[in-house]
Amino acid sequence: MNSINNEISDGVVVERTKILFVEDEGIVARDIKGTLQNLGYEVPDTVSSGKKAIEKAEECQPDLILMDIKLQGKMDGIETAHRIHARYDIPIIYLTAYSDENMLKRAKITDPFGYILKPFSDRDLHSSIEIALHKHEMEHKLRESAEWLATTLKSIGDAVIATDKDGCITFINSMAQFLTGWTKEEALGRELSGVLNIINAETREEIENPVTKAVEGSTVIDWSSKNILLVDRDGKETPIQHSVAPIKCDDENVVGAVLSIRDNSQRKKMEKDLLRL
């Protein structure tokens, strides 16, 4: 027993994938719509122009859009996809009988999740849709994980700076910005040595970039016991303790490093106060 948006299987409501189909040829549209329904997808509507496609994308919020490149009206499928992509997080697969280089270059700019040349088999269509849906889901989960990690790193009390394997900054949280005097916009992409100036508090000598040792040795470097000062871009000195660890992929290749810095000012003050007693 089916409803408009779902079907019931063994007493459990199963949500069906909703696909908006954009095609300018009526006979082809009816044929492919039937194929999609036979494959178990819901097709809320088929439209023939870019304007209607944008309106329907907003109205029915499909899980995926199959977009012919040649459409009725002023906008072709690529321009339509570009406008939809700018407004909604909906994966798009192109269906087309054309495969020239210029069209492919234009299509790539819109980050499509697939490109199917006509004529195609039901199997090709089904595979392309399932791959696109899976890819979109994985990208969504990856974005959520990245956002969660960034929020966590921004909110912790320690300063955190991440770099790529060449030592260029890829992330800097608010505490690190405060201690170094560099804003995120200024720091991202710069070499760590140009932003993080650390010296030995006793000898006043500059300390070698800790990320270099961590990346080259693929090991954690802990300098919490060292007497170190961080000098910000205005010359203000802050006693710190810090550690740096390599960032590794699943294959154990080092792709960067993450540096954790703790402001030691309060601790140093307490030590001085105790010595006065």
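Just after helix α2, Gln61 takes a positive phi of about 45 degrees. The model is predicted, so local features need pLDDT of at least 70 and side-chain atom pairs count only at pLDDT 80 or more, while totals for chains, interfaces and linings use all residues. Residues are numbered from 1 along each chain as its sequence is written, and side-chain values use heavy atoms, leaving out hydrogens and water.

The helix before Gln61 spans residues 50–60, and its buried residues are Gly50, Ala53, Ile54, Ala57 and Cys60. Buried stands for under 20% relative accessible area, exposed for over 50%, and partly exposed for what lies in between, with a 1.4 Å probe and protein chains only. These buried residues lie on the same side of α2, because they cover an arc of only 155 degrees around the axis; the arc is taken from the directions from the helix axis to the C-beta atoms. An α-helix has 3.6 residues a turn, so residues three or four places apart point the same way. On the other side of α2, Lys51 and Glu59 are exposed. The cover over the buried residues includes β3 (19–22), β4 (46–47), β5 (64–68) and α3 (77–87), where contact means heavy atoms within 4.5 Å.

Three of these covering elements also belong to a sheet. Five strands make up this open sheet, in the order β4-β3-β5-β6-β7, with parallel pairing. Two strands pair if DSSP finds at least two bridges between them. At the edges stand β4 and β7 (114–117), each with a single partner strand, so one side of each has no neighbour in the sheet. Inside the sheet, β3 and β5 run parallel and are joined by four bridges. Phe21 stands opposite Leu66 in β5.

Elsewhere, strand β14 (residues 254–263) contains Val258. Val258 counts as partly exposed because its relative accessibility is 30%. Together with Ile247 and Val255, Val258 makes a nonpolar surface patch of about 180 Å².

The whole protein chain has nine helices and 14 strands. These are DSSP runs, numbered from the N terminus: H or I of at least four residues for helices, E of at least two for strands. Of the chain's 277 residues, 38% count as buried. The accessible surface comes to about 16,500 Å², and 50% of that belongs to carbon and sulfur atoms; areas come from the Shrake-Rupley method with a 1.4 Å probe, and for residues only the protein chains shown count as cover.

Methods: Patch = residues over 30% accessible without salt bridge, like charges linked within 9 Å, V, L, I, M, F, W, Y side chains within 5 Å. Salt bridge = Lys/Arg side-chain N within 4 Å of Asp/Glu carboxyl O.
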